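Thanks for asking me to look this one over. My notes are set out as numbered points, so you can check each against the model as you go.

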Amino acid sequence: MSSELMYREHIMDHFKNPRNYGHLTNASFKHKEFNPLCGDEITVEVKLNKDIIQDISFVGRGCSISQASASMFTEEIKGKTIQEVKLLDRNFVLGLLNIEITPVRLKCALLALFAVKEGIKQWEGGK
Amino acid sequence: MTLQTKQLIDVEKIRQDFPILKIKVNGKPLVYLDNAATTQKPAQVINKIKEYYETSNANVHRGIHYLSEKATLQYEKAHEIVGNFINSDFEEMVFTKNATESLNLLAYSLTKNLVQGDEILLSQMEHHSNIVPWQQIAKEKKLVLKFIKITSEGLLDLQDLKNQLNKKTKMVSIMHVSNVLGTINPVKEIAKLVHDNNSLFILDAAQSIPHMKVDVKDIDCDFAVFSSHKMIGPTGIGVLYGKKNLLQTMSPFLYGGDMIKQVEFTDSKWNDLPWKFEAGTPNIAGAIAFAEAINYLENIGMDNIPNYEKELTKYAFEKLSQIDGLIIYGPKDLSKRAGLIAFNLGNIHAHDVATILNDEGIAIRGGHHCAMPLMGLLGVTSTARASFYFYNTKQEIDLLVSALQKAKQFFGEKDVK
């Protein structure tokens, strides 16, 4: 596959100007997730208002796909409830990215989703 | 060819032997620079596998029919050829699945009689295969795992090795050539230091034996491990070399058929070396094709290969160093470096670099190279890596360099700091 199908304009825009990049003050929970295949890492921080994601941010290192995916995904779930986010699956993220993803890069693309879902799980477990 | 020095390797002729080098990737001729991960196979090796299954296939060391004798003869001949290649005696060379299995065998078998507090010394540059087996056994048996430091130049810190060796150090396991830094470790010197301390020395030769003459007797390692697939042989076959007196006293790692001499319901007697460590039906076709690979390498010459690779590496090192924002990891002194170069291009993730290169038909590795602890020391999560073999050319390195320039342009100057 040619990279042109992967590095589309909207992906490069989110990669070069990531939304929600940085830290939150008073985060309700945060969670770090790794992709051992690539060495990508991402930490998401979530601030809840009751069960609504009032604010969300991420920091991390990784390839353009993992970073763009985190930028788009965090943008999309801001304002959603925890219950709504728990129902989101890989197809939701792939729909956002709207590019051809090779199997190897799938883990990069889904890292932010895993980080948020695992964060929610641990936060709920610790309540 | 445009090599200016005396050409001992006829690369264009050699390349004709490797069918895969003729394929196109994304419309471009394949440039295969991921040889530290695995190497491509010449037609001679591929045909050997076919030939074996078409003319000799049977189980070894069992039947007394024509095919079984033929297969056994060829399998034992493969033992002899591979053993001779590293100057090992017949009884000292065991076929395993790969270097990783050989290291697992050692970690299991050599630690059987160790007691709590005994120490195993590795280095900070090791591949996961030479860390994880020891680490897990150490946990189970409460052994202490220690790591020799590396210098800022990417060399093994020999002073630190000396400092860490003590009465409790039972064994030292170190890679000959680093798959990330490219560093060639002074293993003969290390063997001496380790033996002076009455410890065992294990050599991970997975990245060295394919590329240079390695004589296990001359180095005086107690054990050595390597894999066929990194030296134009098939996957699924590898080697454990061990000094005879040590292999004799060690317990087997895998139990089953072929590794026994006599079995009763309550106990068994082990077969002679090397079969004691080869339980079950081995990878017969793999072993025979591996021997064919070694014949091929010896025809080219194990002196010519490193000489040619040195020249390629020097050329690549100079060309890559000229790319603004490109950082090379490992020793700058090329005499201490083997034919691979790990690098990062500014802040562009290695996977993005690899993807852009793939557009140009160029295969490199991007990732942590199964050396996550080392990546941590280097302060990166991943690097790109170009690794060479005797069938690569300077033209391919030129293609690599121009593709890297493209990657830099694509991701924009602001990403390259």
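The points below go through the domains, the cores, one helix, one strand and the chain contact.

1. A reminder to begin with: this is a predicted model. In chain B there are two domains to keep in mind, domain 1 (11–32 + 303–415) and domain 2 (46–299). Taken over C-alpha atoms, their centres are separated by 29 Å.

2. The contact between these domains takes 21 residues from domain 1 of chain B and 22 residues from domain 2 of chain B. On the domain 1 side, the elements giving two or more residues are α11 (304–321), β14 (340–345) and α13 (372–378) of chain B. That side divides into 13 nonpolar, four polar and four charged residues.

3. Do have a look at the largest nonpolar core, which has 122 residues. Within this core, L203(B), A224(B) and V225(B) touch the most other members. Helix α10 (residues 284–300) of chain B gives the largest share, eleven residues. Domain 1 and domain 2 of chain B each supply at least three residues to this core. Another core, of 32 residues, lies apart from it, and V44(A), I101(A), A109(A) and L110(A) are among its members.

4. L203(B) deserves a closer look of its own. Leaving aside residues up to four places away in sequence, L203(B) touches I174(B), H176(B), V187(B), I219(B), C221(B), F223(B) and A224(B).

5. Next, helix α5 (residues 132–141) of chain B, where P133(B), W134(B) and I137(B) are buried. Viewed down the axis of α5(B), the buried residues fall within an arc of 95 degrees, so they line one face of the helix. They pack against α4 (99–110), β5 (119–123), β6 (144–148) and β7 (169–175) of chain B. Just after α5(B) comes K142(B), with a positive phi of about 55 degrees.

6. Which way do the side chains of strand β4 (residues 93–96) of chain B point? M93(B) and F95(B) point one way, while V94(B) and T96(B) point the other way, and all are buried. β4(B) pairs with strand β10 (residues 238–242) of chain B in the antiparallel sense, over four bridges. One of the bridge partners can be named: T96(B) is matched with G238(B) in β10(B).

7. Lastly, the contact between the chains takes 14 residues from chain A and 14 residues from chain B. On the side of chain A that touches chain B, five residues are nonpolar, five are polar and four are charged.

Notes: Residues are numbered from 1 along each chain as its sequence is written. Chains are lettered from A and ligands numbered from 1 in the order in which they are written. This is a predicted model: local features need pLDDT of at least 70, side-chain atom pairs count only at pLDDT 80 or more; totals for chains, interfaces and linings use all residues. Two residues are in contact if their C-beta atoms, placed from the backbone, lie within 7 Å. Ala, Val, Leu, Ile, Met, Phe, Trp, Tyr, Cys and Pro count as nonpolar, Asp, Glu, Lys and Arg as charged, and the others, Gly among them, as polar. A residue is buried if 20 or more other C-beta atoms lie within 10 Å of its own, exposed if 12 or fewer, and partly exposed in between; C-beta atoms are placed from the backbone. Two strands pair if DSSP finds at least two bridges between them. A nonpolar core is a set of buried Ala, Val, Leu, Ile, Met, Phe, Trp, Tyr and Cys residues joined through C-beta atoms within 7 Å. Domain bounds come from an automatic or database domain assignment. The arc is that of the directions from the helix axis to the C-beta atoms.
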